[in-house]
Amino acid sequence: MAGLGGRERTLIGVGVALVLLVALYLFLVEPLVDRAREVEDRTAAREASLERRRLAIARGPGITEELQTARRRLESESARLLRGPTAPLAASELQKLVKEAAAGSNVEVRSERVLPASEREGLQEVPIEIVIAGSIRDTIGALYRIEHAERLLTIKELKVRVVAVGQPRELLTTLIVAGYVMPDTGPRPAAKPMARAN
């Protein structure tokens, strides 16, 4: 550097200073700015999460009240389901209800049979097929009693025909009536291990 003039020394000094400033910016200032942005973004996300949690906590009593209302409604609607814990017992109760509706309407029950149970939106549907005979008015009365029974019953299928061509007022009606029961979700007994033959 002894052979360099003052102007060249100044240019080299300015160049070194610029390199130091760029290095200082790249290795010190920029990482600090990036970290500050990252902390700011994280803080904003945490504030938003905290605000959502505050709103959820504020809605807590309302959610509890909605849950209690839903439970009461479920209990009241569950009271309308058939009482049998299994499909055959529920089918027996359903047959009794339909026979009572038929007897109250002065129609004759000609035949009945239990159909296989099936799953229906979380409930077990228990259908029966029943054939009744009676006048038009009595048949309509029986259908009305079935539809408005204290239990939740639905008429899935209905076929109406006359008993005889000479007697158009006497109807023979085939119904498929379904009732609903909560499926058996109790614990199943464990299978016993088989003893080995010696």
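**Exercise 1. Which side chain does Thr174 join in a polar contact, and at what distance?**

Before we start: this is a predicted model, where local features need pLDDT of at least 70, side-chain atom pairs count only at pLDDT 80 or more, and totals for chains, interfaces and linings use all residues. Residues are numbered from 1 along each chain as its sequence is written, and side-chain values use heavy atoms, with hydrogens and water left out.

Step 1. Find Thr174 in strand S5, residues 167-181. Helices (H or I, at least four residues) and strands (E, at least two) are DSSP runs, numbered from the N terminus.

Step 2. Check its cover. Thr174 has 12% relative accessibility, so it counts as buried. The scale is this: buried means under 20% relative accessible area, exposed over 50%, and partly exposed in between, with a 1.4 Å probe and protein chains only.

Step 3. List the contacts, meaning heavy atoms within 4.5 Å. Setting aside neighbours within four places in sequence, Thr174 touches Glu129, Ile130, Val131, Glu157, Leu158, Lys159 and Arg161.

Step 4. Pick out the partner: the side chains of Thr174 and Arg161 share a polar contact of 3.4 Å. A polar contact is a pair of N or O atoms within 3.5 Å; within protein, one must be able to donate a hydrogen and the other to accept it, and residues adjacent in sequence count only if both atoms are side-chain atoms.

**Exercise 2. Work out how strand S3 is covered and paired.**

Step 1. S3 spans residues 123-135, and 10 of its 13 residues are buried, so the strand is mostly covered.

Step 2. Look for partners; two strands pair if DSSP finds at least two bridges between them. Strand S1 (residues 108-114) runs antiparallel to S3, with 6 bridges, and Val109 sits opposite Ile132 in S3.

Step 3. Now take strand S2 (residues 118-120), which is also antiparallel to S3 and joined to it by 3 bridges. Here Ser118 faces Glu125 in S3.

Step 4. Check the turn. The hairpin of S2 and S3 has 2 residues between the strands, and Glu121 takes a positive phi near 50° there.

**Exercise 3. Find salt bridges along helix H1 and say how exposed their residues are.**

Step 1. Set the rule: a side-chain nitrogen of Lys or Arg within 4 Å of a carboxyl oxygen of Asp or Glu. By that rule the model has 9 salt bridges.

Step 2. Start with Asp34 and Arg37, bridged at 3.6 Å, N to O. They're 3 residues apart in H1 (residues 6-58), about one turn of the helix. Asp34 is partly exposed at 38%, and Arg37 is exposed at 52%.

Step 3. Next, Arg42 meets Glu38 at 2.8 Å, N to O, 4 residues apart in H1. Arg42 is partly exposed at 39%, as is Glu38 at 46%.

Step 4. Finish with Glu51 and Arg54, whose closest N and O atoms are 3.4 Å apart. This pair is 3 residues apart in H1, and Glu51 is partly exposed at 37%.

**Exercise 4. Place Phe27 on the nonpolar surface.**

Step 1. Phe27 lies in helix H1 and is exposed, with a relative accessible area of 70%.

Step 2. Phe27 helps make a nonpolar surface patch of about 1100 Å², along with residues including Val14, Tyr25 and Val33. Patches take residues with over 30% relative accessible area and no salt bridge, joining like charges within 9 Å and nonpolar side chains (Val, Leu, Ile, Met, Phe, Trp, Tyr) within 5 Å. Accessible areas come from the Shrake-Rupley method with a 1.4 Å probe; for residues, only the protein chains shown count as cover.
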